[in-house]
Amino acid sequence: MKRIRILNRLAALGIALALLITLAIGWAVRYAFGEATRTADWVVHTLEVQRSLEGIETDLRAAQSMARGHALFGDGEALRLYRDSMQRLRQRIAEVRGLTSDNPAQKRALGELADTLAAYSRHLESLFQISQERGPDAARRYFFGGAGHPLLIEAIARIDAMIADEDRLLAERRAALDRSNAFTERMIILARALVLAILVATVIALRREIQRRMAAEKETRVLNASLEKQVAARTAELKQWETIFRKSGWGVVVVDQQTFRITATNPAMVAMLRATRPLAGRPLAELFPPEARALLLERARLIGEQGYLNYESVWLRDDGTTFPVDIQVTVYRDEDGRLWRVGNVQDITERKRTEAALREREEQLRLFVEYAPAPIAMFDRDMRYLAWSRRWMADYALGERDLGGISHYEVFSEIPQRWRDIHRRCLAGASEFSDADPFVRQDGSTQWLKWAIFPWYGADGAIGGIAIFSEDITERKESQDAVRDFAQQLGELSRRLLQVQEEERRAIARELHDEVGQALTAIKLILSALRHRQSGEAEIALLDDGIGMVDVAIAQIRDRSLELRPPMLDDIGLAGTLEWLTGRLAAKVSLRITADIAPLAERPAPEVESAAFRIAQEALTNVLRHAEARQAELRLRQEDGWLCLSVKDDGAGFDPRSKEAGFGLSGMRERALLLGGEFMLDSSPGKGTMIRARLPVLPNRSP
């Protein structure tokens with residue numbers, strides 16, 4: 001019994017021990033399965049991070065390729081694909097940020113990567129803005145200027161570093177998974193030796209684990225399908241890039257980094273080189289003429305150090321001709337890590353011709369400005385000198401000074417503010433001129449200038465600056481002032497001479513009328529008295545002849561007196577005197593003379609009346625002497641403070657430009673102009689003559 005009890009106890013102990021062992025093994029198996037599951041989850045997690053990082057690199061390269069295509073060729077579809085790639089890139093960064101939230105190192109690396117990608121995105125957006133505002137050429141120069149390439153290299157390096165960290169984690173987690181699986185297998189072997197209950201429990205646990213693993217495999221298949229879609233999209237993008245590569249107007253050449261042989265070219269490159277045999281496999285040096293090959297090694301070194309190089313060179317066609325090219329070389333790494341050099345080549349023959357022609361025109365312009373016979377200067381928008389003529393240096397006493405790049409206001413600090421305002425208006429598009437403008441110099445002297453200022457325009461149509469044409473007219477201005485002063489003095493002298501002449505005529509007329517006339521009258525009376533005393537017929541006849549001659553002399557003296565200065569001009573005024581003049585002339589000749597004289601609102605000044613009378617007298621005298629007219633008309637009007645006089649005839653007329661126009665016309669014109677009036681002559685052969693004078697009234701101020 002005791003033994004049975006001992007056996008029972010041993011059995012119970014064994015059972016208890018078996019149960020404990022079973023429980024311990026069960027716990028160990030469960031722990032092993034748990035660790036294997038967690039390790040498998042971490043492996044899947046690491047694979048997801050790697051997939052997302054590889055997707056980031058794929059999208060980044062796609063965005064860079066599409067941005068490059070848009071910058072090189074202005075392709076709108078490439079710009080759309082770039083936007084899509086950048087959107088996917090931001091989504092993947094968000095995914096990686098969520099997956100690595102518990103990894104400080106990767107979280108920090110992801111933050112640095114995001115900053116680098118943001119800087120590169122800003123660089124590309126600047127590129128697109130330059131393409132829109134300044135054109136594809138400016139965008140190409142900016143793109144290949146190297147500003148964005150280091151950011152791209154840095155971003156790819158950061159992605160590769162994060163992928164390397166994930167590779168390390170994956171290796172560690174796979175090793176842990178292997179250890180966990182090995183421990184699990186040992187536990188399963190031990191568990192199979194236990195009771196059916198432990199085996200059943202183990203099988204149930206395994207089944208659950210299998211179910212979880214099947215779920216993980218299903219998720220893996222979903223991930224693989226997603227990756228396949230991404231690969232298909234990437235393949236489509238590559239095909240699109242290949243289409244762009246084939247249809248590009250620029251020549252594109254791909255060169256092996258190790259052998260420096262051509263591996264691929266596009267049709268534009270074949271056409272540019274006029275290739276008669278395949279380009280693939282040929283050494284790159286064959287595209288350069290012998291004199292240009294010496295620089296290849298140095299350029300290859302620079303490309304290797306910088307990853308990018310833009311330069312101009314000369315290429316050699318298969319037909320032996322050469323042509324200038326612009327070459328932009330970029331180093332790329334493929335998915336296998338192999339380096340390639342891709343060159344974008346443009347034939348710049350026309351650009352070189354244009355540049356040469358432009359240089360020739362610039363030289364012609366420089367020579368034109370320098371040797372122009374007038375003071376000329378060209379300025380930029382900051383009023384700095386660009387070009388100037390020798391006359392400019394001479395007229396402004398600047399010697400042999402080099403004005404290039406110097407401010408106009410530094411050379412001439414005395415320039416007044418009003419001229420600076422004119423310069424600003426011309427820089428805004430105005431053109432301004434002056435025939436005479438004083439320029440007060442620093443030494444106090446005044447230089448008179450005639451100038452013209454207008455803007456000049458650049459090739460882009462914008463105002464590049466202004467040009468100033470000026471002429472020193474100081475001597476001319478002084479001469480003109482002297483001539484004007486002399487003319488004023490001469491006019492004053494002429495007016496004085498006319499006044500003296502009129503006074504002298506008045507005096508002579510008075511002397512003839514009063515003294516000579518009275519003397520002749522006295523002689524007539526004496527002769528008449530003697531006649532009455534004579535009785536002989538001969539003496540009486542002789543005295544009658546003497547009396548007749550005295551009568552004729554008295555009449556002539558009276559006529560000459562009236563012609564010199566009719567006294568009625570002072571007594572009854574201009575209107576009555578003109579009526580007397582026309583009536584007196586009409587009585588002497590067969591010419592029909594009419595007078596149309598309107599009443600005057602106010603009596604003009606004496607000098608105006610004298611001038612108007614003399615003009616009318618000279619005009620009518622000319623009609624009588626030269627016109628051969630049948631009729632003549634005199635008109636007098638007073639209008640708005642002006643005295644308007646005209647004499648018109650239907651005679652033979654004449655050419656006013658001929659030498660027949662004598663001093664009489666000049667005298668009439670002079671009388672009118674000296675009073676500040678106007679004189680007009682209208683005549684032509686066979687069409688009569690019209691003389692018009694317009695004189696200021698200058699009211700009579702005498703008491």
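## Briefing: a buried loop residue and its surroundings

L591 is buried, with a relative accessible area of 10%, and that makes a handy way into this predicted model. The protein has 703 residues, of which 39% count as buried, and its secondary structure comes to 19 helices and 15 strands. Among contacts between residues at least 6 apart in sequence, 59% join residues at least 24 apart. The notes below start around L591 and then move on to a cavity, the aromatic rings and a few backbone details.

**Around L591 and I593**

- L591 sits in the loop that runs between α17 (574-588) and β11.
- Setting aside residues up to four places away in sequence, L591 touches A586, V623, L624, A629, R630, Q631 and A632.
- Along the chain, L591 and A632 are 41 residues apart, yet their C-alpha atoms are separated by 7.5 Å.
- I593 belongs to strand β11, which covers residues 592-597.
- I593 counts as buried because its relative accessibility is 13%, under the 20% cut-off.
- Beyond its neighbours within four places in sequence, I593 is in contact with T582, L585, A586 and A632.
- A586 and A632 therefore turn up for I593 as well as among the residues that L591 touches, if you would like two residues to select in your viewer.
- Q631 is 38 residues from I593 in sequence, and the two are 5.8 Å apart in space, C-alpha to C-alpha.

**A buried arginine in α18**

- R614 is placed in helix α18, which spans residues 606-627.
- With a relative accessibility of 4%, R614 counts as buried.
- M668 lies 54 residues from R614 in sequence and 7.6 Å from R614 in space, taken from C-alpha to C-alpha.

**The cavities**

- The model has two cavities of 30 Å³ or more, and the largest has a volume of about 160 Å³.
- The lining of the largest cavity is made up of 13 residues, and the closest to the centre are W392, H408, W419, L449 and I468.
- Three elements give two or more residues to this lining: α13 (417-427), β9 (446-457) and β10 (463-472).
- Strand β9 gives the most, with three residues.
- By residue class, the lining divides into ten nonpolar and three polar residues, with no charged ones.

**Aromatic rings**

- Ten aromatic pairs are found in the structure.
- One of them joins F454 and F469, a stacked pair with 5.4 Å from centre to centre and 20° between the planes.
- F454 lies in strand β9 and F469 in strand β10, so this pair ties together parts that are 15 residues apart in sequence.
- F454 is partly exposed, with a relative accessible area of 30%, and F469 is also partly exposed, at 31% relative accessibility.
- F379, Y385, W388, W392, Y396, F412, W419 and F439 make up one aromatic cluster.
- W392 and W419 belong to that cluster and are also among the residues closest to the centre of the largest cavity.

**Helix α3 and its end**

- Helix α3 runs over residues 104-134, 31 residues in total.
- From its first C-alpha to its last, α3 reaches 44 Å, close to the 45 Å expected at 1.5 Å a residue.
- Just after α3 comes G135, with a positive phi of about 100°.

**Positive phi outside glycine**

- R274 has a phi near 50°, a positive value in a residue other than glycine.
- R274 is found in the loop between α7 (267-273) and α8 (290-293).
- R274 counts as partly exposed, with a relative accessibility of 44%.
- D640 is not a glycine, but it has a positive phi of about 50°.
- The loop that holds D640 lies between β12 (631-639) and β13 (642-649).
- D640 counts as exposed because its relative accessibility is 77%, over the 50% cut-off.

Notes:
Residues numbered from 1 in each chain as written. Predicted model: local features only at pLDDT ≥ 70, side-chain atom pairs only at ≥ 80, totals over all residues. Heavy atoms only, no water. Helix = DSSP H or I, 4+ residues; strand = E, 2+ residues; numbered from the N terminus. Buried < 20%, exposed > 50% of the residue type's maximum accessible area, 1.4 Å probe, protein only. Contact = heavy atoms within 4.5 Å. Expected span 1.5 Å × (residues − 1). 1 Å grid on protein atoms, 1.4 Å probe; cavity = no way out; pocket = protein on both sides within 12 Å on 5 of 7 lines; lining within 4 Å. Points joined across faces, edges and corners; volume = space filled by probe spheres on them. Nonpolar A, V, L, I, M, F, W, Y, C, P; charged D, E, K, R; others polar. Phe/Tyr/Trp six-rings, centres within 6.5 Å; stacked < 30°, edge-to-face > 60°.
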